[in-house]
Amino acid sequence: MSAPQPRSLKSHELIAPTDIADWVWVNLSRGADRHSHPFHLLTMATVSPDGRPAARIMTNRGADRVTGRMWFYTRLDTPKVADLRARHLVCFIGYDPDNGVQVRFSGSATLHQHGPLADEHWQHVSDVSRWLFHLSPEQSAAAVGIDPRLPRDHELLAKGLTARSRAQFVVLEVAVETIDWHQTDGAHQRRAVMHGKDGWRALKVE
Ligand SMILES: Cc1cc2nc3c(=O)[nH]c(=O)nc-3n(C[C@H](O)[C@H](O)[C@H](O)COP(=O)(O)O)c2cc1C
């Protein structure tokens with residue numbers, strides 16, 4: 001029996017180790033800007049206060065190689081917030097089927113409910129929501145494509161302006177420490193690990 005092939009693999013070339021860090025950060029950043037990018041949705045794993053593993057899909061809201069930071073939004077009343085208050089360590093995973101690439105990264109998360117960072121993200125969401133709210137549901141559905149950080153649903157956009165929503169809004173800032181790369185073209189594998197403290201230099205694993 002042959003090994004399973006990654007779905008719609010187009011590239012048959014494994015990415016050179018010297019290009020891996022650039023590829024990862026460019027694509028994590030694109031994932032925040034485009035709904036259709038495979039890294040727009042990432043799976044985040046935490047440990048719950050009773051020690052059990054927990055995982056869920058999160059929408060990528062931004063990535064910056066220079067600071068090694070990524071940003072996500074959530075609500076204060078969700079179980080993941082209790083997980084992160086008990087243990088701030090997180091692990092994320094994403095998969096790009098066209099390139100056969102799995103990216104796994106880990107680090108620590110800080111919750112921003114108040115303060116300039118949360119205000120800045122909320123301001124962005126509410127400014128654009130306010131504009132979209134004056135459009136018809138059809139127009140707003142089309143316009144939301146402009147900014148993937150916004151909810152797609154017209155009603156949610158309207159609710160997004162309420163003080164209650166702001167009170168529940170939390171920015172999850174992740175300081176990425178380690179990135180683990182695994183690429184396969186169906187016949188070959190390449191694994192590498194990169195640490196922020198080493199300037200994301202890819203160290204070959206196998
Ligand atoms: C496509 C998709 C995108 C999602 N994006 C987010 C997100 O950005 N933030 C978030 O808190 N939950 C998001 N969720 C919901 C979470 O996956 C999860 O169900 C919810 O937040 C509760 O998680 P918890 O019980 O682990 O706290 C998303 C779910 C789907 C299906």
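This short talk walks through the fold, the core, the ligand shell and one unusual residue of a protein chain.

Before the details, please keep in mind that this is a predicted model, in which local features need pLDDT of at least 70 and side-chain atom pairs count only at pLDDT 80 or more, while totals for chains, interfaces and linings use all residues. Residues are numbered from 1 along each chain as its sequence is written.

Let me begin with the overall picture. The secondary structure of the protein chain comes to six helices and nine strands, where helices (H or I, at least four residues) and strands (E, at least two) are DSSP runs numbered from the N terminus. Of its 206 residues, 25% count as buried; a residue is buried if 20 or more other C-beta atoms, placed from the backbone, lie within 10 Å of its own, exposed if 12 or fewer, and partly exposed in between.

Next, strand 1 (41-47). Strand 1 pairs with strand 2 in the antiparallel sense over seven bridges, and with strand 5, again antiparallel, over three bridges; two strands pair if DSSP finds at least two bridges between them. Leu-41 has Thr-59 of strand 2 as its bridge partner, whereas Thr-43 stands opposite Ile-93 in strand 5. Strands 1 and 2 form a hairpin with five residues between them, and in that turn Gly-51 has a positive phi of about 90°.

Now to the interior. The largest nonpolar core, meaning a set of buried Ala, Val, Leu, Ile, Met, Phe, Trp, Tyr and Cys residues joined through C-beta atoms within 7 Å, has 29 residues, and those with the most contacts inside it are Val-24, Ile-179 and Trp-181. The largest share of this core, eight residues, comes from strand 7.

What surrounds the ligand? There are 13 residues around the ligand, the closest being Arg-56, Thr-59, Thr-74, Thr-78 and Lys-80, and a residue is near a molecule if its C-beta atom, placed from the backbone, lies within 6 Å of it. Strand 2 gives the largest share of this shell, five residues.

Finally, consider Trp-200, which sits in the loop between strand 8 (189-195) and strand 9 (203-204). Trp-200 counts as partly exposed because it has 18 C-beta neighbours inside 10 Å. Its phi is near 60°, a positive value in a residue other than glycine. For comparison, most residues other than glycine have a negative phi.
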